Amino acid sequence: MQRIGVFVCWCGSNIAATVDVDRVVAEAKVQPNVVFAQDYQYMCSEAGQGIIRNAIAEHKLTGVVVCSCSPRMHENTFRKAAERAGLNPYMVEIANIREHCSWIHKDKEEGTEKACVLMRAAVAKVLLNSPLKAGESKVTKRALVIGGGIAGIQTALDIADAGFEVDIVEKRATIGGRMAQLDKTFPTLDCSACILTPKMVEAAANEKVKLYTYSEVESVGGFVGNFHVKIRKKARYVKDDICTGCGACMAKCPSKKGLNEFNMNLNNRPAIYIPFAQAIPNVAVIDPEQCVKLKTGKCGLCEKVCTAGAIDYTQKDEIIEEEYGAIVMATGFQPIDASKFDEYSYSTCPDVVTSLELERLMNAAGPTGGVLLKPSDKTHPKSITFIQCVGSRDVSGRGKCYCSKICCMYTAKHAMLIRDKYPDVEVHVFYIDVRTPGKNFDEFYRRAVEQYDVDYIKGQVGKVYEEDGHLVVQGVDLIANEQIILNTDMVVLATAIEPDPTARKVASMLTASIDTNDFITEAHPKLRPVESPTAGIFLSGVCQGPKDIPETVSQAGAAAAKVIGLLAKDKLLTNPCVSHSNELLCNGCSCCEKVCPYGAISYEDKLINDHGVRETRRVCVVNEALCQGCGACTVVCPSGAMDLKGFSNKQIMAEVDAICR
Amino acid sequence: MPINEANQEIKKEWKPKIVAFCCNWCSYAGADLAGSSRLVYPADVKIIRVPCSCRVNPMFILRAFEKGADGVILCGCHPGDCHYSTGNYYTRRRMTLLFSMLDYIGVEKGRTRVEWVSAAEGVKFSTVMNNFVSKIYELGENVKVGDLRCKE
């Protein structure tokens with residue numbers, strides 16, 4: 001005879017305000033096999049857990065139902081409490097009467113009724129639970145970081161610092177990411193390269209860190225602690241262990257039409273190139289789209305001038321297979337395409353640039369050597385107008401609904417740097433709001449306004465067009481409540497940032513969930529911000545949401561700490577809710593084997609004793625270490641031999657019955 | 001409350017019984033998000049958590065209709081985003097067949113639905129539930145699917 005205890009949580013007023021907790025308790029007491037029911041203000045508190053533990057001991061409970069918040073929140077808490085009292089942790093079921101009930105229903109009568117039904121369903125289910133024991137799996141003590149920007153580099157360095165091996169996969173030919181393209185950083189005006197490049201060198205020099213640049217993740221298999229990853233190392237056509245990075249090939253290359261991606265396509269580069277002077281690894285790469293030798297078979301100049309003999313036109317993509325215990329996503333961002341906003345004439349007027357392009361135009365290593373010149377005629381501009389929120393906070397569907405977070409600050413930085421270097425240049429900024437939360441951020445913005453006389457205009461811009469060799473900005477000043485028509489020489493668009501286009505592909509390989517904006521979803525927005533709900537997958541940097549460099553670096557450290565915590569374990573407990581087959585019913589048809597995404601099912605010839613008849617039959621065997629418990633096999637099994645522990649056919653049917661009663 | 005009295009009360013004001021199967025990784029989390037964002041949808045929807053939408057055996061849905069459900073909705077991760085890589089593809093095919101069959105035996109197409117709701121789509125979850133429930137109200141009370149094996 002089963003003895004069930006039901007515990008109803010008030011969650012302060014979160015549940016108790018819309019659910020009559022006393023009625024749920026009274027209703028619970030009349031359920032079959034329920035021998036104890038009690039409510040408490042906070043079941044998850046130590047005192048609340050104490051009530052559960054005491055009741056298990058006192059009433060010899062064989063099963064526990066907690067009516068509280070989502071099982072995604074506190075299932076583990078209550079399982080542990082049960083375990084401390086000597087009850088198998090899998091004899092606990094949660095009725096979600098907060099997220100799925102009290103928080104969404106206003107009417108107390110309705111809420112209470114629904115809570116009773118959910119409680120009944122959980123009691124019906126727990127009556128069919130059986131004690132389960134978690135298995136163990138090994139942990140491969142190596143980590144993979146996808147993305148070699150500041151987020152990926154910092155995560156990798158922190159993991160390596162704890163003594164674990166870590167690989168960085170970067171799709172571009174060099175690590176460094178977006179931060180390498182920046183000139184100065186807010187709010188301290190540190191030179192970006194001066195703080196980033198030492199970290200890049202450190203990553204390359206650290207013997208625990210291995211860099212796979214110009215490489216992409218091809219496929220991911222396995223699960224937490226045991227990921228198998230295939231990495232495609234794209235053909236560079238240059239042997240990276242021989243190239244010395246002297247640059248002789250770049251000087252001789254006759255094809256100089258390739259767009260320089262590092263400089264935001266503002267100038268050209270040869271077909272064989274090193275992305276920028278401080279690139280890591282400092283190895284050339286051939287752009288097969290531009291290389292005359294690869295396209296026509298004629299040329300071969302770079303091979304002739306390379307004294308090291310590093311050029312290899314026959315190089316092919318290489319697939320490398322590696323094993324990892326944890327994977328960190330640090331895929332970063334890109335600015336959105338400004339050309340879809342016709343009103344700003346970005347595609348037609350060369351003097352309308354994006355902020356990242358301005359960053360390159362002001363950088364000493366950029367296309368103009370750090371001298372700010374109009375891209376159209378290479379003359380000195382007299383007036384520059386900044387437009388904020390281009391594609392950010394845009395609900396029209398053309399842009400992004402979110403705030404990109406960094407634009408207010410980098411625009412203040414740009415405005416300040418321009419006024420500092422060229423006091424004769426007028427600077428106007430059109431903004432919706434200036435958002436400066438952050439240490440020393442508001443002080444920084446005020447300096448731009450007060451000390452550097454930057455003209456901030458609250459209002460949006462409707463149109464930018466070219467007239468008589470200069471640009472005209474039509475906007476509105478919301479404070480003066482008047483239309484403004486400004487003549488200006490350059491317009492800078494603070495374009496929204498969006499996740500790198502590879503993020504979606506990588507996330508789906510990792511089965512990490514992704515939101516409607518393609519940012520990776522955290523396991524919990526507040527309490528587990530650097531983990532994906534998928535075990536063993538961690539998040540670092542802008543792939544999780546817009547953030548600036550200090551936030552990225554802190555998050556990178558946090559992700560590394562979580563990875564280290566995982567890799568420090570020798571064994572991981574596996575999910576015991578796995579499939580199992582009833583050998584007496586199995587007819588060896590192989591249907592389950594075909595749908596299993598993990599290859600966890602195999603067949604064996606076994607001696608079966610079927611009601612006294614002994615015979616050898618081909619039956620299914622589930623490898624519990626590989627099974628992840630999706631249940632695909634249970635539904636395809638024609639003989640009903642397959643079932644899933646913890647979510648058995650009978651358990652789910654019992655829930656259905658309880659709900660439809 | 002005596003059973004007869006309870007039955008009479010139900011007859012007075014019909015409330016639909018709606019079962020929602022939600023996969024643990026996307027839709028159940030989406031429902032949690034709808035909850036924590038306080039996005040209201042009718043209390044007639046009762047959610048059953050399953051590891052993956054592909055865990056939902058057609059048997060469960062038949063059972064629900066047999067026991068008097070007025071609607072069954074199945075929610076999973078968006079195609080391509082399944083936590084188990086391929087589960088929701090099976091669901092999609094399987095339910096297409098099952099729902100056609102159910103329609104044939106008299107459970108109208110509007111009473112069954114498959115929706116993809118990600119963990120970040122709290123708004124979508126609540127919108128889907130509101131739409132589904134109003135569709136069920138439109139269709140009215142369902143006729144119980146009988147099990148001929150145990151006819152009394």
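These notebook entries record what I looked up in a predicted model.

**Entry 1: strand E3 of chain A**

I began with strand E3 (residues 63–68) of chain A and checked its burial. Six of its six residues are buried, and the strand is mostly covered. I then sorted the side chains by direction: Gly63(A), Val65(A) and Cys67(A) point one way, while Val64(A), Val66(A) and Ser68(A) point the other way. Both sets are buried.

Next I looked up the pairing of E3(A). E1(A) and E3(A) run parallel and are joined by five bridges. Within that pairing I noted Val65(A) of E3(A) as the bridge partner of Val6(A). E3(A) also runs parallel to strand E4 (residues 92–96) of chain A, again with five bridges. Here Ser68(A) stands opposite Asn96(A) in E4(A).

I also checked the connection between these strands. E3(A), helix H3 (residues 71–84) of chain A and E4(A) make a β-α-β unit, and the unit is right-handed.

**Entry 2: Asn14 of chain A**

I located Asn14(A) in the loop between strand E1 (4–9) and helix H1 (21–29) of chain A. Is Asn14(A) buried or exposed? I recorded Asn14(A) as partly exposed because 18 other C-beta atoms lie within 10 Å, whereas a buried residue needs 20 or more and an exposed one has 12 or fewer.

I then looked for its partners in space. Leaving out residues up to four places away in sequence, Asn14(A) touches Arg98(A) and Ser102(A). I also noted Glu99(A), which lies 85 residues from Asn14(A) along the chain, with 9.5 Å between the two C-alpha atoms.

**Entry 3: helix H18 of chain A**

I turned to helix H18 (residues 649–660) of chain A. From first C-alpha to last, its 12 residues reach 16 Å, close to the 16 Å expected at 1.5 Å a residue. Nine of the 12 residues are buried, and H18(A) is mostly covered. Among the buried residues I listed Asn649(A), Gln651(A), Glu655(A) and Cys660(A).

What covers the buried residues of H18(A)? From chain A, the cover includes helix H5 (108–126) and strand E34 (642–644). From chain B, I found strand E1 (18–23), strand E2 (45–50) and helix H3 (58–66).

**Entry 4: contact between chains A and B**

I followed that lead to the interface, where 42 residues of chain B are in contact with 43 residues of chain A. On the chain B side, the elements giving two or more residues are helix H2 (27–36), E2, H3 and helix H4 (87–104). H2(B) gives the most, with six residues. By class, I recorded this side of chain B as 23 nonpolar, 10 polar and nine charged residues.

Conventions
Residues numbered from 1 in each chain as written. Chains lettered and ligands numbered in written order. Predicted model: local features only at pLDDT ≥ 70, side-chain atom pairs only at ≥ 80, totals over all residues. Helix = DSSP H or I, 4+ residues; strand = E, 2+ residues; numbered from the N terminus. Expected span 1.5 Å × (residues − 1). Contact = placed C-beta atoms within 7 Å. Nonpolar A, V, L, I, M, F, W, Y, C, P; charged D, E, K, R; others polar. Pairing = 2+ DSSP bridges. Right-handed = clockwise from strand over helix to strand, strands pointing away.
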